[in-house]
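The following exercises concern aromatic rings and the charges placed over them. Each task is followed by a solution in steps.

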Amino acid sequence: MAITIGKSSDNDYVVNDLSVSRHHARLVREEGIWYLEDLNSSNGTYINDVQILKKKVAPTDKIRLGATYETDLDSLLKSQNDYSEEFNALKQVYDDYVRAKVKIQSSNQFKTRLFQSLPFALLGVIGMVVGFVGKSSSVWMMFSLLLAVLAPVVGVYLGARQSAKIPQQLQDLTNQFKIDYVCPKCGTFLGDIPWESLRKKKKCPISTCQAKWTNE
């Protein structure tokens, strides 16, 4: 893939600047790396104020064409509707969402079971105490009986309360996901479709967008 840069209208990236040549430079992608190449321009091509003939360029680099015109890698790529760098970042967004969703579900299931079983465990401990200490005391026996009745009720209540938190936590996670997992150009939510599946589409399906998601 190559993007030609210059003052002439037949370039991919047209620059209206007197110090820029008609066909000034070219941006090329080689083995996944972007290189900026000067095309024998009159006033030179610069990366971070150092004149170059051909050099690797990164998104953080400052590019200068001729005496005054400044741009950067992202701006040059947008001339080709190329949003591959931003789209690649969405893989982390999707992976984080899946991990967080699983964590919420598994964590809450564990806590729900814990809260449901805790009263029964407590009852068992108290029963042992009653057996050793208060077997002749009617008060202790009544207390033990009361716990036997209340333990299931408390367990069900605590378990239900914990389970009730899951929908809200998942909803909050989904709401943020809908904000973050969008086409980097048009902002359309990409749904629950895995990132790898979207990558195979290669571009945004919205007809008014058609942003390129890959350089392949």
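A residue counts as buried if its relative accessible area is under 20%. The model used here is predicted.

**Exercise 1.** Determine how many aromatic pairs the structure holds, and classify the pair formed by Phe87 and Trp213.

*Solution.* The structure holds 7 aromatic pairs. For Phe87 and Trp213, the separation is 4.8 Å centre to centre, with 0 degrees between the planes. Planes under 30 degrees apart count as stacked, and the pair is indeed stacked. Phe87 lies in helix 2 (residues 84-133) and Trp213 in the segment after helix 5 (195-201), so the contact ties together parts that are 126 residues apart in sequence.

**Exercise 2.** Decide whether Phe87 and Trp213 are buried or exposed.

*Solution.* Phe87 has a relative accessible area of 0% and is buried. Trp213, at 0% relative accessibility, likewise counts as buried.

**Exercise 3.** Classify the pair of Tyr94 and Tyr181, and place both residues in the chain.

*Solution.* The ring centres of Tyr94 and Tyr181 are 5.5 Å apart and the planes stand at 35 degrees, so the pair is tilted. Tyr94 belongs to helix 2, and Tyr181 to the loop between helix 4 (165-180) and helix 5, so parts 87 residues apart in sequence are tied together. Both Tyr94 and Tyr181 are buried. Ring pairs join these two residues with Tyr97, Phe177 and Phe189 in a cluster.

**Exercise 4.** Which residues lie over the faces of Tyr35 and Tyr46?

*Solution.* Over the face of Tyr35 lies Lys54, at 5.7 Å from the ring centre. Over the face of Tyr46 lies Arg64, at 4.0 Å from the ring centre.

Notes:
Residues are numbered from 1 along each chain as its sequence is written. This is a predicted model: local features need pLDDT of at least 70, side-chain atom pairs count only at pLDDT 80 or more; totals for chains, interfaces and linings use all residues. Side-chain values use heavy atoms; hydrogens and water are left out. Rings of Phe, Tyr and Trp (its six-membered ring) pair if their centres lie within 6.5 Å; planes under 30 degrees apart count as stacked, over 60 as edge-to-face and the rest as tilted. Helices (H or I, at least four residues) and strands (E, at least two) are DSSP runs, numbered from the N terminus. Buried means under 20% relative accessible area, exposed over 50%, partly exposed in between (1.4 Å probe, protein chains only). A charge sits over a ring if NZ of Lys or CZ of Arg is within 6 Å of the ring centre and within 35 degrees of the ring normal.
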